[in-house]
Amino acid sequence: MRTNLFGMSLAELQQLCADEGMPKFAAKQMCDWLYAKHVDSIDAMTNLSLKARARLNEIAFIGRHDPVGCQVSKDGTKKYLFECASAVTQEQQYVESVFIPDGDRGTLCVSCQMGCKMGCRFCVTGQQGFHGNLDAADILNQIFSIPEFDRLTNIVYMGMGEPMDNLDNVLRSTEVLTAPWGLGWSPHRITVSSVGIIPGLRRFLNESQCHVAVSLHNPFAAERLDIMPMQKAYPIAEVVSLLRQYDWSGQRRISFEYTMFKGLNDDTRHAAELVRLLKGLYCRVNLIRFHASPDTPFKTSTPLSMERFRDYLNNHGITCTIRASRGEDIMAACGLLAGQRVDS
Ligand code: SF4
């Protein structure tokens, strides 16, 4: 079986060079072609010897592939559909990524799993079940293979899947984005989200400097359990206790995502409990308008209740903003990614 060079680290490429009798410096040259110059063919690596390129073509390939679909929102947001080489089942082998242009900023929201095991009741992805992990190459391909690659300023791991449930591949992908031999990005251009799987989150906090976003959605344990089954194994109070063990006064940031559901989590009682839960933690709360999908029993909070909630938090020492909603008309907004092919 041929090896996929795309997604490999410098150390792995050095091992490949050693195994194939190629000079060690060829690994650095390959990284340069793969990541800085983002070529998608071995023949384009013109400073490798012809013999080395011929051998590489025999034993390896560059697993890059273009999106198979793109929908464009009236607000300029683009939703890309990718086929996944790492699919383990035939019926679900697509994931979606969302490019969000905003002035000088270009943010890409990437997926890390086909479907998701977490089963959050308000989330379209969560209702589909789990169909497999993406490997690092399939995560990175979403970033490297869109036409807007050169405009990207930020990556958020907030698409389909729970990053802490596929942590090895997520960390491999962020290493390529941040290492000097990779894209050389600051980790502070990358945010990785989680519902709060404590073992994974702890490891991530110890091994990465990327920003972290925790999906909170309700500060009361019993009410949170109603919408997020993972609350049972990893209560939000324990997640916050873990986060308190780290220093958030530097450049790395922790934020909490709080999707607002009418009548469920949007009154003063919830705001007051949220203040109590997060008191003294250097953090930010992002309020997200719920995007109702067909068949959901949940309703969208009114703009007024969202503003009141935000003001309560800000007045009680918790920095809080209402996140602008993007791409709702193409089902690209938070919680709406389904990874389904739309034939047009
Ligand atoms: Fe999974 Fe995130 Fe959806 Fe929850 S909200 S089911 S963690 S994709």
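**Figure 1. A salt bridge between sequence neighbours, Asp311 and Arg310.** In this predicted model, aspartate 311 pairs up with arginine 310 in a salt bridge, with 3.1 Å between the closest N and O atoms. Neither partner is tucked away: aspartate 311 comes out as partly exposed at 34% relative accessibility, and arginine 310 is also partly exposed, at 25%. If you go hunting for others, a search of the whole structure turns up 14 salt bridges.

**Figure 2. Arg326 and Asp75, a long-range pair.** Here arginine 326 meets aspartate 75 in a salt bridge, and their closest N and O atoms sit 3.3 Å apart. The two come from distant parts of the chain, 251 residues apart. Arginine 326 belongs to the segment after strand E14 (319-322), while aspartate 75 is in the loop between strand E3 (69-72) and strand E4 (78-83). Aspartate 75 has a relative accessibility of 31%, so this residue counts as partly exposed.

**Figure 3. Lys78 and Glu148, with one partner buried.** Lysine 78 forms a salt bridge with glutamate 148, and the closest N and O atoms are 2.7 Å apart. Because lysine 78 lies in strand E4 and glutamate 148 in the loop between helix H5 (136-144) and strand E9 (154-157), the pair ties together parts that are 70 residues apart in sequence. Which of the two partners is buried? It's glutamate 148, with a relative accessible area of 4%; lysine 78 is partly exposed at 23%.

**Figure 4. Helix H5, wrapped up by its surroundings.** How many of the nine residues of H5 are buried? Nine of the nine are, so the helix is largely enclosed by the rest of the structure. The buried residues include Ala136, Ala137, Ile139, Leu140, Ile143 and Phe144. Asp138, Asn141 and Gln142 are on the buried list too.

**Figure 5. The shell around the ligand.** Zooming in on the ligand, you'll find Cys116, Met118, Gly119, Cys120, Cys123, Gly126, Gly161 and Val195 surrounding it. Sorted by type, this shell has five nonpolar residues, three polar ones and no charged ones.

**Figure 6. Where domain 1 meets domain 2.** The domain assignment splits the protein chain into domain 1 (3-61) and domain 2 (69-330). Taken over C-alpha atoms, their centres are 34 Å apart. Twelve residues of domain 1 touch twelve residues of domain 2. Together the domains bury about 990 Å² between them, with 69% of that on carbon and sulfur atoms. On the domain 1 side, Phe6, Tyr35 and His38 lose the most area to domain 2, and together they account for 51% of what that side buries. One salt bridge is found across this interface.

**Figure 7. Two more stops on the salt-bridge tour.** Arginine 172 forms a salt bridge with glutamate 12, with 2.8 Å between the closest N and O atoms. Elsewhere, salt bridges join Glu20, Arg55 and Glu58 into a network.

**Figure 8. Ala26 in helix H2.** Alanine 26 sits in helix H2 (residues 25-36) and is buried, with just 2% relative accessibility. What does alanine 26 contact once its neighbours within four places in sequence are left aside? The answer is Cys17 and Leu48. For a sense of scale, alanine 26 and glutamine 209 are 29 Å apart in space, C-alpha to C-alpha, and 183 residues apart in sequence.

**Figure 9. Two histidines with positive phi, His38 and His217.** Most residues other than glycine have a negative phi, which makes for a fun pair of close-ups. Histidine 38 isn't a glycine, yet has a positive phi of about 35°. This residue is found in the loop between H2 and helix H3 (50-59) and is partly exposed, with a relative accessible area of 24%. Histidine 217 also has a positive phi, about 65°, without being a glycine. Look for histidine 217 in the loop between strand E11 (211-215) and helix H8 (221-227). Is histidine 217 buried or exposed? Buried, with a relative accessible area of 5%.

Key
Residues numbered from 1 in each chain as written. Predicted model: local features only at pLDDT ≥ 70, side-chain atom pairs only at ≥ 80, totals over all residues. Heavy atoms only, no water. Near = heavy atom within 4 Å. Nonpolar A, V, L, I, M, F, W, Y, C, P; charged D, E, K, R; others polar. Salt bridge = Lys/Arg side-chain N within 4 Å of Asp/Glu carboxyl O. Helix = DSSP H or I, 4+ residues; strand = E, 2+ residues; numbered from the N terminus. Buried < 20%, exposed > 50% of the residue type's maximum accessible area, 1.4 Å probe, protein only. Domains from an automatic or database assignment. Contact = heavy atoms within 4.5 Å. Buried area = accessible area lost by both parts, 1.4 Å probe.
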